[in-house]
Amino acid sequence: MELYHIHLIGNHDRLYKEHSEFTIDKDKFNNRIYNRIYNSNATVDINKYKELVEYLNKLLTSVGMPTFDKRINLGEIIELVLKTGTDQENLVKILEDAKKIILADGINLREQAMEEYRKENCISLPSRLHSLFACGEEGLDFWSQHIIDNDVDVFKIKVYDEPFLSNEALLPSDILNYGEKVESSYNYFHPQKEDLNPLTDEYLVQGKVKILEKVMEVRN
């Protein structure tokens with residue numbers, strides 16, 4: 001079966017070379033979602049938000065406070081802005097970055113809930129934390145633009161084992177609490193796809209994979 005994989009630069013880059021073959025081991029392969037969940041905490045790497053940190057450090061210097069040099073907490077950002085004040089243009093930028101941090105935390109919570117549901121109710125189905133994500137040709141434009149603010153390479157791949165097919169629309173809603181997210185995960189792992197848009201279909205791939213060719217690059 002031929003599918004397409006949207007590869008986020010910086011995750012298992014050594015595997016993604018044209019004509020290479022490798023195996024997605026359901027117990028050993030940790031994808032970017034796994035790494036994001038189990039390497040996350042209440043702070044974020046300042047290198048991901050360089051402009052924000054440069055601005056905040058100027059504020060800190062102006063009031064004689066220690067600057068950020070490694071990691072930064074969202075609460076510290078808000079507290080600093082409230083204490084020192086800022087102009088509207090920079091406040092908008094700060095809020096935009098704060099939104100990204102909050103959304104990332106929400107994704108982590110959702111994925112933990114989905115994995116809890118899978119382990120308790122359908123452990124034979126592939127884990128979203130230990131799979132390669134893929135799409136069909138019809139969803140290529142949607143998924144290649146779905147991962148924003150990151151550089152990606154798009155590969156055409158050959159999948160040797162039958163992948164699990166679901167749909168992005170069946171992911172638990174952000175407005176649900178954790179327990180509700182666990183319950184709502186039923187929809188994703190037991191998809192009723194008659195009324196769903198095939199453009200947002202997603203495949204969870206495990207087993208042997210061959211990289212056929214790179215078809216696109218998206219640089220942000």
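These are my notebook entries on one serine, two nonpolar cores and one helix in a predicted model.

**Ground rules.** I number residues from 1 along each chain as its sequence is written, and I use heavy atoms for side-chain values, leaving out hydrogens and water. In this predicted model, local features need pLDDT of at least 70 and side-chain atom pairs count only at pLDDT 80 or more, while totals for chains, interfaces and linings use all residues.

**Serine 144.** I found serine 144 in helix H5, residues 140-146 (helices are DSSP runs of H or I, at least four residues; strands are runs of E, at least two). Serine 144 is buried, at 1% relative accessible area (buried is under 20%, exposed over 50%, partly exposed in between, with a 1.4 Å probe and protein chains only). I looked up its contacts (heavy atoms within 4.5 Å): leaving aside neighbours within four places in sequence, serine 144 meets Ile6, Val152, Val154, Met216 and Val218.

**Cores.** I then looked at the largest nonpolar core (buried Ala, Val, Leu, Ile, Met, Phe, Trp, Tyr and Cys joined through side-chain atoms within 4.5 Å). It has 15 residues, and Leu3, Tyr16, Phe22, Leu132, Ala134, Ile157 and Val205 touch the most other members. Strands E2, E5, E6, E8 and E9 each give two or more residues to this core. E6 gives the largest share, three residues. I noted a second, separate core of 12 residues, which includes Leu52, Tyr55, Leu80 and Ile101.

**Helix H6.** In H6, I listed Lys181, Val182, Ser184, Ser185, Tyr188 and Phe189 as buried. The buried residues of H6 pack against helix H4, strand E7 and E8.
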